[in-house]
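Ready for a few short exercises at the screen? Take a look at the sequence and the model, then work through the tasks with us.

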Amino acid sequence: MADTLTGTGPGPAEQIPEFPMPRAAGCPFDPPPALTAAREEGPLTKVRLWDGKDYWLLTRYADQRAVLLDPRVSADLTRPGYPLQAPSNGKNNISFILMDDPEHARLRRMVTAPFAIKRVEALRPAVQTIVDDLIDGMLAGPKPVDLVEAFALPVPSLVICALLGVPYDDHDFFQENSKILIKRDAAMEERMAAHGKLIGYLDELMGEKTAHPGDDLLSGLVTRVESGELTRSDAAQMGVLLLLAGHETTANMIALGTLALLEHPEQLALLRDTDDSRLIASAVEELLRYLTIVHGGRRRAVLADIEVAGQVIRAGEGVIMPNDIANRDPEAFPDPDRLDLTRDARRHVAFGFGVHQCLGQPLARMELQVVYGTLYRRIPGLRLAAGVPELPFKHDGSVYGVYELPVTW
Amino acid sequence: MRVELDEPKCVASGQCVLAAPEVFDQRDEDGIAFVVDGQPPEDVLDAVREAVAICPAAAIRLAER
C-alpha cells in the first residue's frame with residue numbers, strides 16, 4: 001500500500017470509511033463502532049472526509065500523544081493537507097487554538113494566569129454558591145425540568161461570565177450564537193454571521209472596559225491592546241474563544257455525565273453517598289475519559305515527514321486523532337468500556353494533548369467536582385423523565401452531549 | 001533524583017501542581033510552572049512520575065543523579 005494518500009493514486013476507494021462515523025443506536029456513551037473497528041485493524045488507517053479526500057486516522061492512545069506533542073505537525077488549518085471539519089472551516093479565525101508556536105505560546109500565555117490551580121481553587125466557594133442556588137431554584141420550581149436549561153448551562157455560563165467580565169444577562173445571545181459555531185453542519189453564511197456577531201459583541205464590550213476597566217480577564221486583554229502587545233481584533237478573537245470554550249464543553253459534561261450516572265446507578269450511588277474529595281476528583285477524571293465529549297477528532301497537518309507506528313506520514317498529509325477512541329484503548333485503560341469512578345483515569349486525553357491541551361481544564365475540573373459532588377447528594381431521588389431513546393443527542397456538534405435532559409425526583 | 005522543568009515548553013496546564021503540589025507551583029503572572037523542591041523525598045517520587053506522564057507538553061524530567 002502506498003505511503004502517501006491524501007488525494008493521490010487510485011487506492012481501494014470503496015473501502016475507506018467516511019468520517020465522522022455514526023454511533024451505534026442504544027450506545028450513546030460509546031465511540032462509533034467503526035472507530036473501534038479501525039483501532040483493531042491497526043494503528044494507522046484511512047478515513048474520507050466531506051471533501052472527498054482521504055486522511056490518516058490515528059486511533060491508539062500512545063500514538064495520539066506522540067503526534068500531538070510533535071512540533072512537526074501543525075494546528076494551522078491553512079497548511080496543505082489539514083483535515084478541515086467543514087467547508088466553512090477556516091473562514092473565521094478562532095485565535096490561538098489554530099496557530100503554532102511561537103505565536104501560539106505568546107498569545108496563550110496572555111490568558112493563562114486566571115486558570116492557574118490556586119486561582120481556580122479560590123473560585124471554588126463562589127462556584128459552590130452558584131451550584132447550590134441553582135439547585136434551590138430547581139427544588140422550588142415545577143418538575144419535570146430540563147436539566148440542561150435549569151442547571152447544566154447556567155453553571156459554566158455564570159462562572160465564565162464572572163471570570164471574563166461578560167454580563168450574564170446576555171447569555172441568550174451568546175449561547176445561541178455559540179451553538180451555531182460548534183454545529184458541524186451549519187451553513188457557511190450562518191456560521192460566519194454568528195461569528196461576526198460574537199466578535200462585534202466582544203469588541204464593543206472591550207470598548208466599554210477601556211473606559212471602565214474591571215478586575216476581569218477582558219479588562220486584562222484591553223490593557224494588552226493599549227500596550228501594543230495585542231491587536232484589538234486578536235483580543236476579540238480570544239474573548240470569543242474563551243467565552244465559547246468556557247461554557248459549551250462544561251455544560252455538556254454536566255448533562256451527559258448526569259445521564260451516564262443515571263444509567264449506571266451503582267456508580268451514581270458512590271457519588272451520592274460520599275463527601276470524599278479524592279473520590280469526587282477521581283470520578284470527574286473517569287467521566288471525562290469515558291465520555292470524551294470533544295469527539296470531532298484533533299486535526300493536524302504534517303509539516304515534515306514523521307514516523308508513526310513504523311510507517312512514514314509525509315509532509316503535506318493530514319492526520320485525525322479522535323481522543324474518544326484513544327481513551328478507550330485497552331492498552332492504556334484496562335477494561336476501557338466500563339465506567340468505573342474508582343479507577344485512576346488521570347492520564348486520559350479528553351482535554352487533548354500537547355501544547356494545545358485545553359487551557360481551561362483546571363476550571364472545568366473544579367466546576368465538575370463541585371457539580372458532581374453536590375447535585376446527587378442534594379437531589380438523591382434524581383431520575384430521568386424521558387426514555388433514553390427519545391433524548392436528543394448532539395450527533396451534529398463538534399462537542400457531544402444532549403440538547404435536553406428532562407429530569408424529575 | 002532531580003526534577004527538571006523546561007520552562008519555555010510549559011503550557012500552564014497546571015497538571016503537575018495537581019499531581020505533586022509539594023514539588024511544583026505556578027507563577028502568578030502567567031501560570032507557568034516552576035519547581036519548588038528539585039530533590040523531593042522518596043515518598044513523593046511516584047507523584048512526580050505521574051506529573052511527568054500527564055504533562056501535556058512533556059516539559060518535566062526526573063533525572064538520575
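Below are three exercises, each with a worked solution.

This is a predicted model, in which local features need pLDDT of at least 70, side-chain atom pairs count only at pLDDT 80 or more, and totals for chains, interfaces and linings use all residues. Residues are numbered from 1 along each chain as its sequence is written, chains are lettered from A and ligands numbered from 1 in the order in which they are written, and side-chain values use heavy atoms, with hydrogens and water left out.

**Exercise 1. Describe the fold and dimensions of chain B.**

Step 1: Start with the secondary structure, where helices (H or I, at least four residues) and strands (E, at least two) are DSSP runs numbered from the N terminus. Chain B has two helices and four strands, and along the sequence they follow the order β-α-β-β-α-β.

Step 2: Check the radius of gyration, taken over C-alpha atoms, against the globule rule of 2.2 Å times the number of residues to the power 0.38. For 65 residues a compact globule would come near 11 Å, and the 10 Å of chain B agrees with this. Its C-alpha atoms fill a box of roughly 30 × 20 × 15 Å along the principal axes.

Step 3: Look at burial, where buried means under 20% relative accessible area, exposed over 50%, and partly exposed in between (1.4 Å probe, protein chains only). In chain B, 52% of the 65 residues count as buried.

**Exercise 2. Work out where Cys55(B) sits and what it touches.**

Step 1: Place the residue: Cys55(B) is in the loop between α2 (45–54) and β4 (60–63) of chain B.

Step 2: Is Cys55(B) buried or exposed? Its relative accessibility is 11%, so Cys55(B) counts as buried.

Step 3: List its partners, with contact meaning heavy atoms within 4.5 Å. Leaving aside neighbours within four places in sequence, Cys55(B) is in contact with Phe353(A) and Ile60(B).

**Exercise 3. Describe the interface between chain A and chain B.**

Step 1: Count the participants: 19 residues come from chain A and 26 residues from chain B.

Step 2: Find the buried area, the accessible area (1.4 Å probe) that two parts lose on being put together, summed over both. Between chain A and chain B this is about 1800 Å², with carbon and sulfur atoms giving 49%.

Step 3: Which residues of chain A lose the most area to chain B? They are Arg109(A), Ile117(A) and Arg346(A), together 33% of what that side buries.
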